[in-house]
Amino acid sequence: MKFQRIRDVVCGALIASLVLCSGTVAFAKVANMNIPVSYNNIKVVVNGKQLSTSKEPFTYEGTTYLPIRAVAEAVGMDVNWDGQTKTVTLSSGGSTETQPVKKEEGTAVGKVLYNANGIKVTYKGISSEERLITGKSVNLLIENTSNRNLTVQVRDFSVNGYMSDPIFSSSVAAGKKAMDEISIMKSDLEKNGITDIEDIEFTFHVFDDDDWEYRFDSEIIKIKG
């Protein structure tokens, strides 16, 4: 019972540390701040044994903050840090069972992305073949069922949340089809550290090749990688 009470107290302190340091709690700030903290030679005792830590505990606005890894491991918990998501994960020590993470399924090849105003666009997958200046490409089948010669372009294009300026303009004659691709610039992928495409968002912009007066824009199109 004594160890359990210590464990509960320490877990409470760990949660407080997460609020200040990890930015994973909904109301935590993500910023660099200078704050007034107090060092008062705070000792951490676990199960009757004083814990030696490389970082000294301190207090801030009435709350005591402890080095999370040292304290968690002292009460038999495993600590993992995910630098990409800025997440600290605590789990019971010695447990080999992991909770599977459900990954959202990617957009199915063959899904119709848009079908209105005489234009039907079908998703044909993402190509990873790199060229001189372009990286990955989004393959599309474009069908023009109208009696106009139409050009299809994209606007407000983003990859994994990063805005990008791809190469894409597909002219399709009335009653015809075209296989085409949205080519994402290699420099955009490298600049934003993108190696795997998780999601793409954009809108289609369509106009008449002959008079440029007839034009329309689609709703936001979303593709999951």
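Me: Which residue in β9 is the bridge partner of Val121?

Reply: Ile142 is the bridge partner of Val121. The model is a predicted one. Val121 and Ile142 belong to a longer match: strand β8 (residues 119-127) pairs with strand β9 (residues 134-144) over seven bridges, in the antiparallel sense.

Me: What is the order of the strands in the open sheet of four?

Reply: The order is β7-β8-β9-β13, and the pairing is antiparallel. β7 (112-116) and β13 (177-185) are the edge strands. Each has a single partner strand, so one side of each lacks a neighbour in the sheet.

Me: How are neighbouring strands of this sheet turned against each other?

Reply: By 20° on average, with direction ignored.

Me: What general rule helps me read side chains along a strand?

Reply: In a regular strand, side chains alternate between the two faces of the sheet. Keep that in mind as we turn to β14.

Me: How many of the 10 residues of strand β14 are buried?

Reply: Nine. Buried here means under 20% relative accessible area. Strand β14 (residues 199-208) is therefore largely enclosed by the rest of the structure.

Me: Which strands pair with β14?

Reply: Take them in turn. Strand β10 (residues 150-159) pairs with β14 over eight bridges. Strand β16 (residues 221-224) pairs with β14 over four bridges. Strand β15 (residues 215-217) pairs with β14 over three bridges. The sense is antiparallel for β10, for β16 and for β15.

Me: Which residues could I use to find these pairings in the viewer?

Reply: For β10, look at Thr151, which stands opposite Phe207 in β14. For β16, take Ile200, whose bridge partner is Ile223. For β15, Val206 stands opposite Phe216.

Me: What lies between β14 and β15 in their hairpin?

Reply: Six residues. One residue in the turn to check is Trp212, with a positive phi of about 60°.

Me: Now the empty space. What shows where it is left?

Reply: Rolling a probe the size of a water molecule over the atoms shows it. In this structure, one cavity of 30 Å³ or more turns up. The largest cavity has a volume of about 30 Å³.

Me: Which residues line the largest cavity?

Reply: Val159, Tyr162, Met163, Ser164, Ile184, Asp188, Leu189, Asn192 and Ile194. β11 (162-163) and α3 (186-191) each supply at least two residues of this lining.

Me: What is the lining of the largest cavity by class?

Reply: Six residues are nonpolar, two are polar and one is charged.

Conventions. Residues are numbered from 1 along each chain as its sequence is written. This is a predicted model: local features need pLDDT of at least 70, side-chain atom pairs count only at pLDDT 80 or more; totals for chains, interfaces and linings use all residues. Side-chain values use heavy atoms; hydrogens and water are left out. Two strands pair if DSSP finds at least two bridges between them. Axes are lines fitted to C-alpha atoms, for helices over the stretch in contact, and angles run from 0 to 180 degrees between N-to-C directions. Buried means under 20% relative accessible area, exposed over 50%, partly exposed in between (1.4 Å probe, protein chains only). On a 1 Å grid over the protein atoms alone, a cavity is a set of points where a 1.4 Å probe fits but cannot get out, and a pocket is an open set with protein on both sides within 12 Å along at least five of seven lines; lining residues have an atom within 4 Å of a point. Grid points are joined across faces, edges and corners, and a volume is the space filled by probe spheres set on the points. Ala, Val, Leu, Ile, Met, Phe, Trp, Tyr, Cys and Pro count as nonpolar, Asp, Glu, Lys and Arg as charged, and the others, Gly among them, as polar.
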